[in-house]
Amino acid sequence: MVATAQPSRPKLVVGLVVDQMRWDYLYNYQWGEGGFKTLLTDGYSCNNTIIDYVPTVTAAGHASIYTGTTPAIHGIAGNNFMVDGKSVTSVQDDNERAVGGDAKTRGKSPRNLITTTIGDQLQLATGFKSRTVGIALKDRAAILPAGHHPAGSYWYDGNSKTFVSSTYYMDKLPRWVTDFNKRHREELASNVYQLPVGTSLTFALAEQALINEGLGQGEATDLLAISVSNTDMCSHYHGTHSPKVDSIYWQLDRDIAHFIEVLDQRIGRGNYLLFLSADHGGTHSYPRMTAHGLPSGCWSNPEALKAANAMLERQFGVKKLLKAEMEYTFYINEEAIESAGLDRDAVMRAACQALEEPEEIQWAIDVSRIDTYPIPTILKERIKLGYFPGRSGEIYIVPRTGVYAGKKDEAGSNHGTWSQSDSHIPLIFMGWHVTPGETSRLTHMTDIAATVCAMLHIQAPNGCIGTPIME
Ligand SMILES: [Zn+2]
């Protein structure tokens, strides 16, 4: 009998996702010692990593990073989408209850995610000895990366101003989480979404998970999925390059430095594999761009819905022929079309025409006929990779490049489009079996899971379409 070679694996994989971190942020700041600087010098940076689908938003991004596939396959069509005709958030699950929180805190789960993740595959490969923990301020950023059967997933609940979980995972919060909530009560009560303390609290809880769950100390490789959410929330209010966003990135640099120190001490530099990426980038705000004579534009999605519905009502005599707008897609009101006995094709054509009216919109596309549109193949592919039938809207909007959903007089940034601003993300690997260096060849968000799994010699997630980056 021949003994099978046991593949060598790191003790721990650490996934670090920074919400709305544009790739160029890596080079826009003069970093201090130990944080981003260490990632850039000791790590391998893929400088041309692209998101291959629209909409480029948080839930879709976190799901895609950890499944190695896109919304068309993993099912997380956006932050909000339709399931069985009802609008839901990506992780909303009324069959579950909150664990912790207060009476208003709702149950959540990863059930809308229909493919496996890196953590799920680690479990399958190790006889379910591997353990995963997900941590973030945002629920979707903690839940989707942790996969379907983690040791735990914890996020910030704005009602109770504490970290919570859900009955999907457990019946009661572990002692280390309730202790953390007590110990940090004052900081947790502050505006964590807009202040640097939100970053520090995220890492502090991740450190507690590392210690109390004994991650990286077992016989199988564990996974710690951390996501930093306030970088996004703050940028939505104050804009890219605002002093408030800068202060969060400075804090993030310090927190990463400290966390690397903790990992080096507890796990050892060569024993963990860390990757840093983002769920999407961000488009500079209208005031920032136009102040310097650069092209920019804003498009109001609620107004577009109202205007298109008014135009359709004049033509067909039926109200609300478009049901909703979410993530640059519009949902056609099938029930209204049917009960009024309208010609669906005619309504669809008129709806696209109405939505294309504003000069900020380049194309409004009936996805079922996308191959008949004279638009670049690369945009068609991104729309197709983002479209999940029944969950995504049937009409996709392609705004003129540089245009985002927002108001001209507001400083906040936004994202969601195909443009470089939103789809170009940082990607750095550091630690176990990583030789420092960089590449500018085209790599994809979906390559992250493919790469991690190839390095670990485990099967890639079941919907993975990425290719391992093996330099
Ligand atoms: Zn955002």
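Not counting residues up to four places away in sequence, A59 touches I76, G78, N79, S90, R140 and L144. This residue of the predicted model is found in helix α3. Is A59 buried or exposed? Because 28 other C-beta atoms lie within 10 Å of its own, A59 is buried; the cut-off for that class is 20 or more. A longer link along the chain is also seen here: A59 and D139 stand 80 residues apart in sequence, yet their C-alpha atoms are 9.3 Å apart in space.

Two of the contacts of A59, R140 and L144, lead to the pairing of α3 with α6. On the α3 side the meeting residues are T58, A59, H62, A63, I65 and Y66, and on the α6 side they are R140, A141, L144 and P145. Two packed helices are described by the angle between their axes and the distance between the axes. For α3 and α6, the angle is about 20° and the axes are 8 Å apart. Angles under 35 degrees count as roughly parallel, and α3 and α6 are therefore roughly parallel to each other. Their crossing is right-handed.

Both helices also take part in covering α5, which spans residues 118-125. How many of the eight residues of α5 are buried? Six of them are, and the helix is thus described as mostly covered. The buried residues are I118, G119, D120, Q121, L122 and Q123. Their cover includes α3 (58-67) and α6 (139-146), together with the strands β8 (132-136) and β11 (222-228) and the helix α18 (447-456). After α5 comes G127, whose phi is positive, near 60°.

Strand β11, part of that cover, spans residues 222-228, and L224 leads from there to the nonpolar interior. Which residues have the most contacts inside the largest nonpolar core? They are L224, A351, L355, A449 and V452, in a core of 131 residues. Helix α11 (residues 243-266) supplies the largest share of this core, eight residues. The core draws at least three residues from each of two domains: domain 1 (12-284 + 416-456) and domain 2 (297-405). The surroundings of L224 can be listed in turn: leaving aside residues up to four places away in sequence, L224 touches L12, V14, V133, A206, A209, L210 and L215.

Terms used. Residues numbered from 1 in each chain as written. Predicted model: local features only at pLDDT ≥ 70, side-chain atom pairs only at ≥ 80, totals over all residues. Buried ≥ 20, exposed ≤ 12 C-beta atoms within 10 Å, placed from the backbone. Helix = DSSP H or I, 4+ residues; strand = E, 2+ residues; numbered from the N terminus. Contact = placed C-beta atoms within 7 Å. Core = buried A, V, L, I, M, F, W, Y, C linked by C-beta atoms within 7 Å. Domains from an automatic or database assignment. Axes fitted to C-alpha atoms, helices over the stretch in contact; angles between N-to-C directions. Parallel < 35°, antiparallel > 145°, perpendicular 65-115°, else oblique. Left-handed = near helix turned anticlockwise from the far one by under 90°.
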